[in-house]
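User: I am new to this structure and would like a close look at its open and enclosed spaces. Please take me through them slowly.

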Amino acid sequence: MSDKKSNAKNWGPATLAIHGNSRQPKPYHAVSTPIVHTSNFYFDTADEVEDFMREKGKGRVVREHEYARYGNPTQQETERKLAAIEGAERAVLYSSGMAAVLLTLMTFMNREGHIIFTGDCYRQTRDFAMNFLSKFGIEFSIVDPTAEAIEKAIKPNTNIIFTESPTNPYLRILDIPAIVKVAKERKILTIIDATLATPYNIKPIELGVDVVIHSATKYQGGHNDLMAGVALGSNALMTDLYKMQRMMGATPGPMTCFLLERGLKTFAMRMEHHNKAGLAVAQMLEAHPKIEKVWYPALESHPDHKVAMEQMKGFGSVISFLVKGGNTETRKFIDALELFLITPSLGGSESLVTQMWAMSFFDYPVEYRNNIGMVDNLVRLALGLEDIDDLIADLKQALDSI
Ligand SMILES: *Cc1c(COP(=O)(O)O)cnc(C)c1O
């Protein structure tokens with residue numbers, strides 16, 4: 001067993017996604033993971049209940065399952081594989097990415113503390129800070145997505161740095177080792193939402209980050225057919241998260257876990273395609289006369305190109321750009337697309353397109369919206385798994401139609 005573990009360090013992401021860190025015995029000798037649909041797990045005798053509770057009190061596990069809010073075998077197997085891919089000791093699964101974000105923050109934040117968030121972040125994370133943290137009297141700052149801005153914002157009571165990398169929609173890449181260095185010196189917990197990177201393109205835990213979060217709804221699920229979130233890190237930190245998870249009940253259902261675990265089997269292959277498609281489309285767009293500007297970290301024109309190339313293996317298939325013109329031209333382009341569905345989200349098999357201000361920031365005052373970069377002609381693509389040539393042809397004909 002220990003031998004197998006040490007071998008596992010050399011396994012690549014495709015192998016880890018299929019077997020986890022080691023090959024495990026499978027229930028019923030079933031090759032795929034069974035979906036265990038039950039809300040509770042029974043005891044054989046009255047004595048067994050007492051033994052279970054006594055041993056649990058001492059931190060020992062004599063049997064795995066008791067009540068499904070506390071965990072389910074399908075969920076446990078999915079967590080094992082997610083942890084293996086990430087290179088983390090343990091994973092905790094949630095019913096959505098936002099449940100993972102909020103319950104992680106709620107586990108570690110406290111009244112005396114101060115949280116630093118980086119701007120260009122997921123809208124609901126920003127809204128949680130602005131609308132709820134202040135209600136609880138918890139101090140926070142939202143700063144530019146750079147290591148320098150984070151360091152400058154640190155106060156004596158800063159206890160959490162919460163970042164995203166790449167950010168969304170401008171795909172800013174943070175210098176993670178620089179942030180970790182500053183945080184460790186001051187005993188500040190670092191949390192990164194690395195949904196847009198995935199462990200295929202970056203391993204924040206290896207770079208010293210304490211907790212990594214993903215919306216598994218995106219690349220890990222990969223088929224636009226489920227909602228899930230995951231937090232990953234050391235056993236000690238995940239034990240704290242798990243205590244909150246048990247209470248809050250943002251537990252994913254067994255069917256969701258099955259779909260996610262099934263999606264993981266092709267995770268590495270899909271990411272390879274996403275990276276290739278992202279680069280090809282970004283290069284085509286940057287050279288196109290109807291495009292004003294493109295944001296994709298592999299392009300030399302991207303503000304974080306250098307740090308991106310040092311830190312990451314690829315950049316996925318989210319691309320943001322400005323169409324030449326305004327609202328009218330931008331909508332004409334979007335409506336002319338044949339293969340792209342107009343909807344939020346990313347990382348699935350179908351290609352998606354959004355005009356960011358209308359889809360995600362409609363209710364913000366215009367001035368604030370423009371201030372955070374959600375201008376009329378900003379478009380975000382999330383490429384799917386279609387043939388790259390077909391996607392490029394579709395984008396070109398839609399641009400020509402303007
Ligand atoms: C989608 C997303 C979330 C939220 O995840 P859900 O699964 O939709 O709850 C959080 N962060 C980022 C970066 C995302 O893209």
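Which elements each supply at least two residues of the lining of the largest pocket?

Analyst: Please keep in mind throughout that this is a predicted model. The elements that each contribute at least two residues to the lining of the largest pocket are α2 (13–19), α3 (46–57), α4 (73–86), β1 (90–94) and α10 (235–248). Among these, α4 has the largest share of the lining, with 10 residues. The largest pocket holds about 1,600 Å³ of space, and 50 residues line it, with E64, H65, Q76, E77 and E79 lying nearest its centre. Sorted by class, the lining of the largest pocket consists of 18 nonpolar, 16 polar and 16 charged residues.

The second largest pocket can be described in the same terms. Its space comes to about 580 Å³, and of the 37 residues that line it, Y122, R123, N168, K218 and S345 are the closest to its centre. Two or more residues of this lining come from each of α5 (97–108), α6 (123–133), β6 (211–215) and α15 (356–360), and α6 gives the most, with four residues. The lining of the second largest pocket divides by class into 17 nonpolar, 12 polar and eight charged residues.

This second largest pocket is also where the ligand belongs in the picture, since the space that the ligand takes up is the second largest pocket. There are 13 residues around the ligand, and those that come nearest are G97, D193, S215, T217 and K218. By class, the shell around the ligand is made up of five nonpolar, five polar and three charged residues. K218 therefore appears in two descriptions, as one of the residues closest to the centre of the second largest pocket and as one of those that come nearest to the ligand, where a residue counts as near if one of its heavy atoms lies within 4 Å.

Some of the distances between the ligand and the protein can be given atom by atom. An N or O atom in the side chain of K218 lies 2.8 Å from an oxygen atom of the ligand, and for the side chain of S215 there is likewise an N or O atom at 2.8 Å from a ligand oxygen. With M98 the partner belongs to the backbone, where a polar atom is 2.8 Å from an oxygen atom of the ligand. Taken alone, the ligand would expose 380 Å², and the protein buries 93% of that area.

Beside these open pockets, the structure holds one cavity of 30 Å³ or more. The volume of the largest cavity is about 60 Å³, and its lining is formed by I161, T163, L174, I176, I179, T190, I191, I192 and V209. The elements β4 (158–164), α8 (176–185) and β5 (189–193) each give two or more residues to this lining, and β5 gives the most, with three residues. By class, the lining of the largest cavity has seven nonpolar residues, two polar ones and no charged ones.

Two of the elements that line the cavity, β4 and α8, also lead to a loop with some backbone features to look at. P166 has its place in the loop between β4 and α8, and a cis peptide bond, with omega of about -10 degrees, joins S165 to P166. P169 is found in the loop between β4 and α8 as well, and N168 is joined to P169 by a cis peptide bond whose omega is about 10 degrees. L171, which is placed in the loop between β4 and α8, has a positive phi of about 55 degrees although it is not a glycine. As background for these values, most residues other than glycine have a negative phi, and most peptide bonds are trans. The loop can also be tied back to the ligand's pocket through N168, which takes part in the cis bond to P169 and is among the residues closest to the centre of the second largest pocket.

Technical notes: Residues are numbered from 1 along each chain as its sequence is written. This is a predicted model: local features need pLDDT of at least 70, side-chain atom pairs count only at pLDDT 80 or more; totals for chains, interfaces and linings use all residues. Side-chain values use heavy atoms; hydrogens and water are left out. A polar contact is a pair of N or O atoms within 3.5 Å; within protein, one must be able to donate a hydrogen and the other to accept it, and residues adjacent in sequence count only if both atoms are side-chain atoms. Accessible areas come from the Shrake-Rupley method with a 1.4 Å probe; for residues, only the protein chains shown count as cover. On a 1 Å grid over the protein atoms alone, a cavity is a set of points where a 1.4 Å probe fits but cannot get out, and a pocket is an open set with protein on both sides within 12 Å along at least five of seven lines; lining residues have an atom within 4 Å of a point. A molecule sits in a cavity or pocket if more than half of its atoms lie within 2 Å of its grid points. Ala, Val, Leu, Ile, Met, Phe, Trp, Tyr, Cys and Pro count as nonpolar, Asp, Glu, Lys and Arg as charged, and the others, Gly among them, as polar. Grid points are joined across faces, edges and corners, and a volume is the space filled by probe spheres set on the points.
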